[in-house]
There are 2 protein chains.
Amino acid sequence: MKLVLKAIRAMTRGIPVLLACFFSIPCAADEGMWLFSQLPLERLEKTYGFKPDAQWARHVMRSSTRISTGGSGSVVSPDGLVMTNHHVVEDILQKLSTAEKNYLEDGFFARSRAQELKCPDTEINILWEIEDVTARVKKAGSDASDPGAAEQARRAERSSIEKESKEKTGLHSEVVMLYRGGQYHLYRYKRYDDVRLVMAPEVAIAFFGGDGDNFEFPRYCLDVSFLRLYEDGKPAKVTDWLRWSSRGTRSGELVMVSGHPGSTQRLNTVDHLRFLRDVAYPSYLELLYRREIALQQFALKGPEFKRIARGDLFGIENSRKAIRGTLGGLLSPATFDSKLSQERKLQAAVAADAGLGASLDDWERIRHSMDASRKFREEFIFLEGARAFWSTLYRNARTILRLVEEQAKPSSERLPEYRDTALPSVRMRLESPAPIYPALEKAKLTDSLTHFVKVFGAEHPYVKLVLAGRSPAERAHELVSGTTLGDAAARKKLLAGGQAALDQLDDPMIDLARSVDSYARASRRKYEDLVTSVRNEAYGRISTATFAVTGTGVYPDATFTLRLAAGVVKGWKEGGRDIPDHTKLGGAWKLASERAGEDAYTLPKSWSEARDKIGADVPFNFVSTPDIIGGNSGSPVINRKAEVVGLIFDGNIHSLVLDVVYTEEQARAVSVNAEAIIEALSKIYGMDVLVKEIIGTRK
Amino acid sequence: MKLVLKAIRAMTRGIPVLLACFFSIPCAADEGMWLFSQLPLERLEKTYGFKPDAQWARHVMRSSTRISTGGSGSVVSPDGLVMTNHHVVEDILQKLSTAEKNYLEDGFFARSRAQELKCPDTEINILWEIEDVTARVKKAGSDASDPGAAEQARRAERSSIEKESKEKTGLHSEVVMLYRGGQYHLYRYKRYDDVRLVMAPEVAIAFFGGDGDNFEFPRYCLDVSFLRLYEDGKPAKVTDWLRWSSRGTRSGELVMVSGHPGSTQRLNTVDHLRFLRDVAYPSYLELLYRREIALQQFALKGPEFKRIARGDLFGIENSRKAIRGTLGGLLSPATFDSKLSQERKLQAAVAADAGLGASLDDWERIRHSMDASRKFREEFIFLEGARAFWSTLYRNARTILRLVEEQAKPSSERLPEYRDTALPSVRMRLESPAPIYPALEKAKLTDSLTHFVKVFGAEHPYVKLVLAGRSPAERAHELVSGTTLGDAAARKKLLAGGQAALDQLDDPMIDLARSVDSYARASRRKYEDLVTSVRNEAYGRISTATFAVTGTGVYPDATFTLRLAAGVVKGWKEGGRDIPDHTKLGGAWKLASERAGEDAYTLPKSWSEARDKIGADVPFNFVSTPDIIGGNSGSPVINRKAEVVGLIFDGNIHSLVLDVVYTEEQARAVSVNAEAIIEALSKIYGMDVLVKEIIGTRK
């Protein structure tokens with residue numbers, strides 16, 4: 001998989017319930033996505049003889065970056081150079097490209113800082129401080145009469161804490177729910193909203209092997225890119241950055257990954273997993289299938305159509321392959337048997353001891369919340385999740401409407417995504433200069449409106465309201481042709497004009513968003529009160545009981561916040577065959593010649609001409625056992641000295657099931673070797689200044 | 001669209017209800033798919049001053065062929081040469097190809113009769129005689145107590161009529177239900193089961209423009225191929241064949257199409273159309289989407305994977321594009337408004353006059369049958385329709401089991417597809433030497449089993465029965481690896497051994513088919529009795545009333561039996577722009593250079609080298625107004641003298657809605673011009689002997 005968070009973001013836009021935040025008790029040696037404030041020191045020392053001190057942890061934390069396109073990264077020079085994956089910046093390359101200049105296809109190479117390009121609507125956050133605010137948040141919800149009200153109260157309190165923190169420290173502040181409400185931590189970030197593109201190779205080598213080789217190994221991908229943090233229009237001077245290792249890594253050596261895993265479901269109840277298996281994942285897959293075909297059809301119209309559909313298509317292909325693999329794992333009865341036996345043990349303990357704080361009713365409540373979800377989820381997903389409206393223009397329309405409406409309320413009473421601390425990001429996305437292509441918007445909207453009719457039926461009042469007597473294609477045409485929201489300046493002006501400007505506007509997309517919004521909000525409220533809150537309360541009690549039974553040494557399910565994972569460089573056995581732990585640069589040319597004539601295996605010109613210049617034996621990609629998942633894309637792989645030895649870009653096909661259960665027998669993280677990056681930068685791309693910046697500080 | 005019947009066959013395998021056989025009252029000048037026994041003589045004379053006599057009709061009828069791969073064709077020489085589309089023989093080319101010799105890619109050219117290749121499991125039927133047996137069939141069902149029993153009785157009678165006819169005449173005999181039971185006609189066919197491949201061009205020019213240009217115009221496709229009928233190991237000497245026109249056709253001229261339209265739904269009730277719009281088509285589309293992705297994923301593994309998946313993938317792409325277009329048309333409120341107003345008029349007449357033989361209750365019955373269908377259809381489609389088992393091996397297993405079981409009963413009591421007259425075709429398919437690829441079987445079966453779990457849930461008893469404690473992937477592997485049914489000789493031997501051989505056999509695929517079969521049969525019986533029969537009875541009465549109201553001059557909905565359609569060569573207006581009525585050969589090279597680098601627009605070597613040899617102004621493809629639909633693929637386009645002027649291969653995007661309503665404003669049939677065929681055969685392929693055979697008899 002390309003471990004970017006798009007899959008999860010796309011999904012959670014529709015199904016926030018999948019962001020089930022819970023915790024896991026590690027069974028395997030290398031299991032665990034550890035909080036930087038609760039590193040498994042004993043475990044690391046026992047398994048690897050490694051005991052990082054507080055300074056080490058803080059240094060790595062402050063050198064790790066979260067990128068708003070849905071991935072991770074690391075600062076690798078004192079001048080704010082950030083390394084991440086090519087596929088993490090793909091969206092940026094797409095937005096910067098035009099029919100004449102295709103950075104995705106051709107790559108981008110700033111040969112001086114003056115050539116570095118500003119990335120549209122991109123921000124990078126670096127976790128700076130962690131504070132436990134569990135007591136304060138929990139107290140806020142303790143007097144509420146029902147789960148829904150308790151959740152609202154806690155949300156308001158989180159918003160207040162964030163606001164106070166921002167005012168006090170100036171740092172971007174987020175209260176993160178961990179262990180499904182077992183703990184709440186305040187994360188303070190250094191936020192950079194001026195991010196520039198430094199270097200990205202051609203997609204042909206970044207994604208060599210294409211969709212077919214995605215999630216596979218052996219691999220030969222230079223899935224790397226470099227960005228730079230800017231402050232006040234100048235490269236940011238940073239205090240913490242990761243140095244480059246001078247010897248790379250070897251088989252069996254300890255490696256660690258510092259990054260932002262997006263979402264896991266490891267300790268979901270068995271009923272909840274069944275729901276994912278039978279309802280959530282299959283219906284999400286069907287969405288991906290239809291959207292993939294719709295985009296393929298659009299792309300067939302010609303090269304420019306193909307170019308503008310490419311960003312959406314890549315994201316969908318990646319999610320589709322990921323979910324297909326995860327579902328394949330969930331459909332194995334063995335997965336369920338092991339989950340069921342774990343669950344029975346915990347239930348027996350709970351049944352025997354009322355003092356554990358949970359009861360068997362909590363499992364029942366979760367089961368009932370699944371039934372409720374079946375009833376309410378489609379309305380919620382299609383209206384509030386906007387699955388009916390697969391359109392950037394529609395998203396813009398709704399964001400403007402809501403932003404104006406929500407800003408009139410106190411921050412703590414708003415929809416959480418419009419609270420004060422979130423507004424800079426909202427505005428940045430809204431004012432993005434990235435192009436919006438009307439033809440693509442029409443094709444996407446036609447498809448999603450057709451899907452809407454499919455699910456609700458053509459005679460449903462919502463459908464009649466939305467289609468207004470037209471067919472999906474006619475309606476999409478009317479909406480996209482009639483709106484002015486494709487123009488960034490128009491959006492900015494509208495936003496500045498506030499409610500008065502909105503009231504005067506005659507824009508079909510705004511009108512549509514307005515007519516849908518009260519139903520969308522109602523569907524959200526219903527879903528949150530009757531499904532999510534009920535479930536979270538029950539999970540909260542089960543989590544308390546699990547703490548009591550198993551003691552400490554557990555880690556929370558992933559929440560797209562910073563974690564450390566540890567493991568070793570190691571191949572695996574597949575059908576009796578040994579899969580080696582790394583590939584070499586020379587293998588790329590070999591594979592290209594074996595698969596000659598296939599687009600996905602065609603090397604870019606820069607590579608096909610460089611065969612003799614390159615060290616054929618330099619390690620290219622390698623596999624290791626750390627516990628990672630979507631969102632970890634771009635995470636640095638480091639050694640004990642916190643030096644960069646590689647760059648996470650994928651997991652193998654066996655790792656897909658890590659969403660729900662960790663296994664180190666065959667699941668592996670896939671990385672670009674640090675040495676290969678330097679080799680390519682200097683010998684293929686002639687990026688000597690960049691190489692010097694990266695390895696110049698090497699000890 | 002490629003007008004082959006695959007879409008409909010695939011669909012009707014699952015949803016026979018879509019083969020709604022009804023009739024239509026022509027409103028537009030060129031509407032109508034006319035029975036050869038009831039040609040619209042008055043209409044043809046009035047509109048075109050053309051009055052074909054009985055000899056003309058019989059000659060055209062006996063020169064028209066139905067091909068078992070799902071298309072039409074025509075005999076074009078006294079030595080049994082048959083012209084059809086390349087895409088009608090695609091399945092044959094696929095079955096004859098190997099990793100070393102790819103006839104689909106490279107084309108096939110027999111330069112002497114000795115080189116002509118036997119086509120696996122292919123039969124061609126030529127309609128020879130038509131006899132009205134309405135009274136006898138209707139009488140058989142008249143004493144039954146309920147719709148289900150009446151249907152069974154009529155079926156038994158049809159089977160008896162067929163058997164008698166076959167014994168008396170030696171001709172293959174089929175009783176066809178027309179006007180949804182308003183009439184029954186006995187069709188006697190000359191059947192040829194030795195069919196050989198003579199010539200097929202490279203797919204790159206047959207399907208120039210690929211999936212993107214499918215259903216579009218202007219087009220530049222040489223979608224033609226030639227087969228030959230053999231009798232007693234020698235080319236068949238035929239009495240009727242179509243001569244080749246020496247001047248082609250011109251704008252505005254009358255053209256006629258003699259072919260086998262597969263299925264239309266033109267006079268479905270509005271409720272029935274809603275069902276198609278809201279349930280049947282969308283769920284079929286979802287099936288196609290998931291299968292298209294599954295095959296694409298399989299094909300990505302390498303060139304040989306791509307080659308063996310290609311046949312399935314082509315069929316699915318074509319169906320997907322067709323259904324997507326049809327659904328797009330159905331989603332237009334205008335389509336429904338016109339249907340509704342027609343229906344209201346008929347209902348008013350029925351309400352006012354009880355003597356018309358129908359009542360408003362009949363519409364209610366049809367509506368209720370849709371509700372029943374919603375309840376029963378998935379069980380029916382997944383078990384009896386075998387949607388859960390996307391596997392040739394499974395189909396073989398079930399056919400063998402059922403064949404042995406059914407043969408023990410009298411023909412008239414069997415499942416209709418195993419009645420005596422149908423057995424030669426059943427055996428031919430079962431004993432086909434065409435290769436079955438285990439890797440492809442596993443991928444397809446894994447996907448369909450996953451789909452089965454999605455629809456029924458992993459805990460459903462059917463699913464547990466089928467998966468036997470495995471995941472879909474594990475089960476597919478076990479079934480495909482364990483069966484011997486991939487070997488044609490093994491199947492033949494098993495069939496010869498009958499029940500005793502089956503009882504002794506230890507074959508997981510046979511075991512699976514056996515364990516599913518009683519549930520599958522029950523689901524079919526339930527669906528036929530409670531949905532199809534109820535609906536057919538009601539439609540029968542509505543059809544009687546319509547006859548009474550509108551008089552004669554109506555044609556039945558398509559049933560993949562021979563029809564004649566008439567119209568003119570004519571372009572259309574599209575968004576204010578005039579689309580010309582034909583393209584020229586030179587346009588192919590022009591388009592190839594405009595779209596250079598795209599696979600779908602890359603001419604085969606034979607063409608790219610022949611530019612200077614070819615008459616650039618020879619008409620290549622043309623559009624006309626005759627009323628055609630899927631199944632018409634390969635139909636000859638003829639003039640008044642019954643001479644070949646073209647070859648149907650597609651309809652434009654506007655023609656997709658012809659499934660449910662005829663319109664001649666923009667809907668057009670797309671044909672290869674007869675002159676272009678000769679030009680290419682002689683100047684590009686050097687097939688001089690074939691050219692001489694075709695035009696040698698020209699007057």
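Okay, let's start with a term: I call a residue buried if 20 or more other C-beta atoms lie within 10 Å of its own, exposed if 12 or fewer, and partly exposed in between, with C-beta atoms placed from the backbone. By that count, buried residues make up 54% of the 699 residues in chain A.

Before I go on, this is a predicted model, where local features need pLDDT of at least 70, side-chain atom pairs count only at pLDDT 80 or more, and totals for chains, interfaces and linings use all residues. Residues are numbered from 1 along each chain as its sequence is written, while chains are lettered from A and ligands numbered from 1 in the order written.

So, chain A: its C-alpha trace spans about 65 × 65 × 55 Å along the principal axes. Of its contacts with a separation of 6 or more, 79% join residues 24 or more positions apart; a contact means C-beta atoms, placed from the backbone, within 7 Å.

Now the pair. Lay chain B on chain A and you get an RMSD of 0.0 Å, from a turn of 180° and a shift of 0.0 Å along the axis. That's the relation of a two-fold axis. The superposition is least squares on C-alpha atoms of residues with pLDDT of at least 70 in both copies. In chain B, B:Tyr289 comes closest to the rotation axis, its C-alpha at 2.8 Å.

And where do they touch? The contact takes 26 residues from chain B and 26 residues from chain A. Also, 100% of chain B's interface residues are interface residues in chain A too, so the copies meet through the same surface.

Definitions and conventions
Two residues are in contact if their C-beta atoms, placed from the backbone, lie within 7 Å.
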